[in-house]
Amino acid sequence: MPRTLVERELTVAGPARRPARPGARSVTVNLAESPLTWLHARGHLSDRRLDAGERLRADWERAQLAPAITSRWDAVRITGTGGERGLNPTERQIAARRRFDGAIAAAGAGLSDILWRVVCAGEGLPQAERALAWPARSGKLVLGLALDRVADFYRIGGERG
């Protein structure tokens, strides 16, 4: 996949979505790394849908649901506590797992597959469509519907679509 490099302002929470201001610390970001940011950069996903996908991915990472062969001792770098102040790391992981499971359930059985493949596993839409035996270019529509439901679950405001 070709790289799409852009300069983004570096904030405490990581790279911002906006271009870097003159004189601010900046970092080069490859927009092609995440299927969601790739779709968003080309106008195929609204800010609301992107935010929903990023929240779902963050909960997936906080819950440490990625496949692993052995024990993992490294800490997951996720900024913000998401309203989880006063919880120990194990309780935060359990809370993230509950949010993730709730968001997937809110999307529904028919839409959770595309969410997991694109948002969590980082597969591109063409690969996910082939794996799910869907017609070409149907994944964008189904992913959009799934992300709308996830945005409703996380109570993310903004325009649908």
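**Helix packing and salt bridges in a predicted model**

Helix α4, covering residues 109-120, is a handy place to start, because its length can be checked with simple arithmetic: at 1.5 Å a residue, its 12 residues should span 16 Å, and the C-alpha atoms at its ends are indeed 16 Å apart, so the two values agree. The model is a predicted one, and every value here is computed from it.

Much can be said about what surrounds this helix. The buried residues of α4 are L111, S112, I114, L115, V118, V119 and C120. Their cover includes α1 (35-41), α2 (47-62), α3 (89-107), α5 (125-131) and α6 (139-154). After α4 comes G122, a residue with a positive phi, near 75 degrees.

Zooming out, the protein has six helices and three strands. Read from the N terminus, the order of the elements is β-β-β-α-α-α-α-α-α. Of the 161 residues in the protein, 35% are buried. Among contacts with a separation of 6 or more, 54% are between residues 24 or more positions apart.

Two of the helices, α2 and α6, make a crossing worth a look. Their axes come within 8 Å and cross at roughly 70 degrees. With that angle, α2 counts as roughly perpendicular to α6, because the range for this label is 65 to 115 degrees. On the α2 side, the residues taking part are R48, R49, A52, G53, R55, L56 and D59, and they meet G144, L145, L147, D148, V150, A151, D152 and Y154 of α6. Sorted by type, the residues of this contact come out as seven nonpolar, two polar and six charged.

Those charged residues lead on to the salt bridges. The whole structure holds 10 of them. One is between D148 and R48, with the closest N and O atoms 3.3 Å apart. This pair ties together distant parts of the chain, since D148 sits in helix α6 and R48 in helix α2, 100 residues apart. Are these two partners buried or exposed? D148 has a relative accessible area of 4%, and so is buried, as the cut-off is under 20%. R48 is buried too, because its 7% also falls under that cut-off.

A second long-range pair starts from α2 as well. R99 forms a salt bridge with D59, and the closest N and O atoms are 2.8 Å apart. Here the link runs between helix α3, which holds R99, and helix α2, which holds D59, with their positions 40 residues apart. Both R99 and D59 are buried. Sharing of partners also turns up among the salt bridges: R48, R49, D148 and D152 are joined in this way into one network.

A local pair completes the picture. The side chains of E54 and R57 form a salt bridge, at 2.7 Å from N to O. Why can these two meet within one helix? E54 and R57 are three residues apart in helix α2, so about one helical turn separates them. An α-helix has 3.6 residues a turn, so residues three or four places apart point the same way. E54 has a relative accessible area of 22%, so it counts as partly exposed, the range being 20% to 50%. R57, at 27%, counts as partly exposed for the same reason.

Technical notes
Residues are numbered from 1 along each chain as its sequence is written. This is a predicted model: local features need pLDDT of at least 70, side-chain atom pairs count only at pLDDT 80 or more; totals for chains, interfaces and linings use all residues. Side-chain values use heavy atoms; hydrogens and water are left out. Helices (H or I, at least four residues) and strands (E, at least two) are DSSP runs, numbered from the N terminus. The expected span of a helix is 1.5 Å times one less than its number of residues. Buried means under 20% relative accessible area, exposed over 50%, partly exposed in between (1.4 Å probe, protein chains only). Contact means heavy atoms within 4.5 Å. Axes are lines fitted to C-alpha atoms, for helices over the stretch in contact, and angles run from 0 to 180 degrees between N-to-C directions. Angles under 35 degrees count as roughly parallel, over 145 as roughly antiparallel, 65 to 115 as roughly perpendicular and the rest as oblique. Ala, Val, Leu, Ile, Met, Phe, Trp, Tyr, Cys and Pro count as nonpolar, Asp, Glu, Lys and Arg as charged, and the others, Gly among them, as polar. A salt bridge is a side-chain nitrogen of Lys or Arg within 4 Å of a carboxyl oxygen of Asp or Glu.
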